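Here is a briefing for a reader new to this structure. It covers metal sites and internal cavities.

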Amino acid sequence: MTAEQTGGTQYKTRIARAEQLSSPHSAATEFLDFYKQVASFQKLLRANIAAAHEVKPSSAPKAGLREELDFTVLLPHFRGYLSVIEQHAPPALAESARQMALLASDSWIASLEAYWQHAGRYDQQVGAFAQFPARAFLQPYAEFRTSLMARAPLVGTTRLCPLCGSRPLVGVLRPEGDGGKRFLLCSFCSQEWEFRRILCPTCGEEAEDKLPVYVAEETPHVRVEACDTCKFYLRTIDLTKDGHAVPLVDDLAAIPHTLWAHEQGYSRLQPNLLGT
Ligand SMILES: [Zn+2]
Ligand SMILES: [Zn+2]
């Protein structure tokens, strides 16, 4: 089994970054502390999924990433997961986990399946809060399935994830030459694909004067890349400015940027796990 399949390092990095960003002065501390608990659970679940695969290998997904969920592996962990949420989440989310724990496993399966089929593609109206239980639980599974898939070389620029067809969560600027190359990070399977820098991933606008960028002085590595044509924005984590940033986690902490974007009338294409 490869390190990519067990995902241990990946989760350790996320947890460590959440610790680093969580300070008494940050508006995001409550979210980051909760996220640490979620990511610790995800790390264990991912290891369990990889171990089950070792015993009874499932073939690489042929019909795409979203073919059938393996409930024999997933369901035994769901109750424990709900109790982690109940203990550590902000009150409203904790209450929804408590309610969900009272339901029969048929309802759990229905909710997990709905997320698995629609996430990042047909779920614009769902909202981060309603989606959270299935999304956080299935993230390690989606990431594991992705690690089994062969990746074809990508030709051209696509606005949706070439592996699973989902909308991007954030942009990532990675150092290359004197500047940065932009990638989009998938909201469903966490893979990145390359994407042109001056191009709106929502509507395809390519005129530079229609694509304003906002960067706050205190966090120069977090960019709000907006579009005046479609009024959506993409948050991009600039690793050329901070090489220690972890896009998935730095995005959760960027609450002031969300407020700013909303004040300017821009919406986010795809909310993050905690809706921040
Ligand atoms: Zn994807
Ligand atoms: Zn646009």
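The points below take the two topics in turn. The model is predicted. Two zinc ions are described, one held by Cys 161, Cys 164, Cys 186 and Cys 189 and the other by Cys 200, Cys 203, Cys 227 and Cys 230. There are two cavities of 30 Å³ or more.

**Zinc ion (ligand 1)**

- The SG atoms of Cys 161, Cys 164, Cys 186 and Cys 189 coordinate the zinc ion (ligand 1) at 2.3 to 2.4 Å.
- The four donor atoms make angles of 98 to 120°, and the site is tetrahedral.
- Along the chain, the donor residues of this ion have the spacing C-x2-C-x21-C-x2-C.
- Two of these donor residues, Cys 186 and Cys 189, are buried.

**Zinc ion (ligand 2)**

- The zinc ion (ligand 2) is coordinated at 2.3 Å by the SG atoms of Cys 200, Cys 203, Cys 227 and Cys 230.
- Its site is also tetrahedral, with angles of 107 to 114° among the four donor atoms.
- For comparison, the ideal angle for four tetrahedral donors is 109.5 degrees.
- The donors of the zinc ion (ligand 2) are spaced C-x2-C-x23-C-x2-C in sequence.
- Cys 200 sits in the loop between strand S3 (192–194) and strand S4 (213–215), and Cys 227 in the loop between strand S5 (222–226) and S6, so this pair ties together parts that lie 27 residues apart in sequence.
- Cys 200 has a relative accessible area of 4% and is buried.
- Cys 227 is buried as well, with a relative accessible area of 1%.

**Largest cavity**

- The volume of the largest cavity is about 90 Å³.
- Among the residues lining the largest cavity are Tyr 35, Arg 135, Gln 139, Leu 169, Asp 251 and Asn 272.
- Cys 186 is another lining residue of the largest cavity, and Cys 186 also coordinates the zinc ion (ligand 1).
- Helix H8 (128–148) and helix H9 (247–253) each provide at least two lining residues, and H9 gives the most, with three.
- By class, the lining of the largest cavity has six nonpolar, four polar and two charged residues.

**Second largest cavity**

- The second largest cavity has a volume of about 30 Å³.
- Its lining consists of Pro 168, Leu 169, Tyr 233, Leu 234, Arg 235, Arg 268, Leu 269 and Gln 270.
- Strand S1 (168–176) and strand S6 (232–238) are the elements that give two or more residues to this lining.
- S6 contributes the largest share, three residues.
- Five nonpolar, one polar and two charged residues make up the lining of the second largest cavity.
- Leu 169 appears in the lining of the largest cavity and in that of the second largest cavity.

Definitions and conventions:
Residues are numbered from 1 along each chain as its sequence is written. Chains are lettered from A and ligands numbered from 1 in the order in which they are written. This is a predicted model: local features need pLDDT of at least 70, side-chain atom pairs count only at pLDDT 80 or more; totals for chains, interfaces and linings use all residues. Side-chain values use heavy atoms; hydrogens and water are left out. On a 1 Å grid over the protein atoms alone, a cavity is a set of points where a 1.4 Å probe fits but cannot get out, and a pocket is an open set with protein on both sides within 12 Å along at least five of seven lines; lining residues have an atom within 4 Å of a point. Grid points are joined across faces, edges and corners, and a volume is the space filled by probe spheres set on the points. Helices (H or I, at least four residues) and strands (E, at least two) are DSSP runs, numbered from the N terminus. Ala, Val, Leu, Ile, Met, Phe, Trp, Tyr, Cys and Pro count as nonpolar, Asp, Glu, Lys and Arg as charged, and the others, Gly among them, as polar. Donors are N, O and S atoms within 2.8 Å of the metal (3.2 Å for Na, K and Ca); water is not among the atoms, so sites may look incomplete. Four donors count as tetrahedral if all angles lie between 85 and 135 degrees; four count as square planar and six as octahedral if opposite donors are over 155 degrees apart and all others between 65 and 115; anything else is irregular. Buried means under 20% relative accessible area, exposed over 50%, partly exposed in between (1.4 Å probe, protein chains only).
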